[in-house]
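Thanks for making time this morning. I would like to walk you through one chain, going from its overall build to its helices, its strands and its core.

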Amino acid sequence: MIDTQRLTLRPLTLDDAAFYLKLVNEPSFLENIGDKGVRDLDGARAAMLAGPIEMQARLGYSLWLVQRKEDGASIGLCGLIKRDTLPGTDIGYAYLPEYWGKGYAWEAASAAMAHGRDVVGLPCLLGIVSPSNTASSQLLRKLGMHWVERIEPNTDLYRVEFPPHK
């Protein structure tokens, strides 16, 4: 688990399937991230097992559930993802719209980035975003990432380098 002032980030469990199902079917998720084809709780469990839960077991990091400390509300996902399509690990995040604009995304992403740098020992971190997703692009820049290139017609690649570990 990773704790920040207001949030806890923890690995997903199958008990989080209802939240996962809701999040991946939000219109904003579908527009900015894509349709995962998850339509019911069984599909959510299968997607979690094949995705974040498997990655957490294999690499020690993945997308984590983001919960508010004040009330335990599950508000989104944030974490580190190793995709076959990218040359390194990237940071990913998605939140329910009712939690946008409160600084939670930056708080969780900063903690995930620090974990990648200080605990995992990553030399750099990538970020991918649709060019039309202005809020997400701004968050990546606020995290210290710099635009690198457009890697697909609708995907911009950002990157931040970490100092070497001593």
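When I call a residue buried, I mean that its relative accessible area is under 20%, while exposed means over 50%. With that cut-off, the buried residues of helix α1 are A17, F19, Y20, L21, L23 and V24. I should say at once that what you are looking at is a predicted model, and I would ask you to hear everything that follows with that in mind.

Let me step back to the whole chain before returning to α1. The chain holds 5 helices and 8 strands, and, read from the N terminus, these elements run β-β-α-α-α-β-β-β-α-β-α-β-β. Its radius of gyration is 15 Å, close to the 15 Å that the globule rule gives for 166 residues, so the chain is as compact as a globular protein of that length. Taken along the principal axes, the C-alpha atoms fill a box of roughly 40 × 35 × 30 Å. Of the 166 residues, 48% are buried, and if we take the contacts with a separation of 6 or more, 58% of them come from residues 24 or more positions apart.

Now to the helices. Helix α1 covers residues 17–24 and is mostly covered, with 6 of its 8 residues buried. What lies over those buried residues includes helices α2 (27–32) and α3 (41–59), together with the strands β3 (63–68), β4 (74–82) and β5.

Helix α5, at residues 134–142, has S136, S137, L139 and L140 as its buried residues. Viewed down the axis of α5, these buried residues fall within an arc of 160°, so they line one face of the helix. The general background is that an α-helix has 3.6 residues a turn, so residues three or four places apart point the same way. On the face of α5 that is turned away from the buried side we find the exposed residues A135 and K142. And which elements cover the buried residues of α5? Among them are β5 (89–95), α4 (104–120), β6 (124–129) and β8 (155–161). After α5 comes G144, which has a positive phi, near 95°.

Turning to the strands, I will start with β4, which is mostly covered, as 7 of its 9 residues are buried. On one pairing, β3 and β4 run antiparallel and are joined by 5 bridges, with Q67 having S74 in β4 as its bridge partner. These two strands form a hairpin with 5 residues between them, and G72 in the turn has a positive phi of about 75°. On the other pairing, β4 and β5 are also antiparallel, here over 7 bridges, and L77 has A94 in β5 as its bridge partner. The hairpin that β4 and β5 form has 6 residues between the strands.

A second group of pairings involves β8. In β8, 5 of the 7 residues are buried, so this strand is largely enclosed by the rest of the structure. β6 and β8 run antiparallel with 6 bridges between them, and the bridge partner of V129 in β8 is D156. Strand β7, residues 146–152, pairs with β8 in the antiparallel sense over 5 bridges, and there R150 stands opposite D156. D156 therefore appears as a partner of V129 in one pairing and of R150 in the other. The hairpin of β7 and β8 has 2 residues between its strands.

That leaves the core. As a general remark, in soluble globular proteins, nonpolar side chains tend to be buried together. In this model the largest nonpolar core has 48 residues, and those that touch the most other members are C78, I91 and L125. If we set aside residues up to four places away in sequence, L125 touches L80, T89, D90, I91, M113, M145, Y158, R159, V160 and F162.

Since C78 has come up, how many disulfides does a search of the whole structure find? The search finds 0 disulfides. C78 is in none, and the nearest cysteine sulfur, that of C124, is 17 Å away, whereas the cut-off for a disulfide is two cysteine sulfur atoms within 2.5 Å. As for their surroundings, C78 is buried, with a relative accessible area of 0%, and C124 also counts as buried, at 10% relative accessibility.

I will stop there and take questions.

Notes. Residues numbered from 1 in each chain as written. Predicted model: local features only at pLDDT ≥ 70, side-chain atom pairs only at ≥ 80, totals over all residues. Heavy atoms only, no water. Buried < 20%, exposed > 50% of the residue type's maximum accessible area, 1.4 Å probe, protein only. Helix = DSSP H or I, 4+ residues; strand = E, 2+ residues; numbered from the N terminus. Arc of directions from axis to C-beta. Contact = heavy atoms within 4.5 Å. Core = buried A, V, L, I, M, F, W, Y, C linked by side-chain atoms within 4.5 Å. Pairing = 2+ DSSP bridges. Rg over C-alpha atoms; globule rule 2.2 N^0.38 Å.
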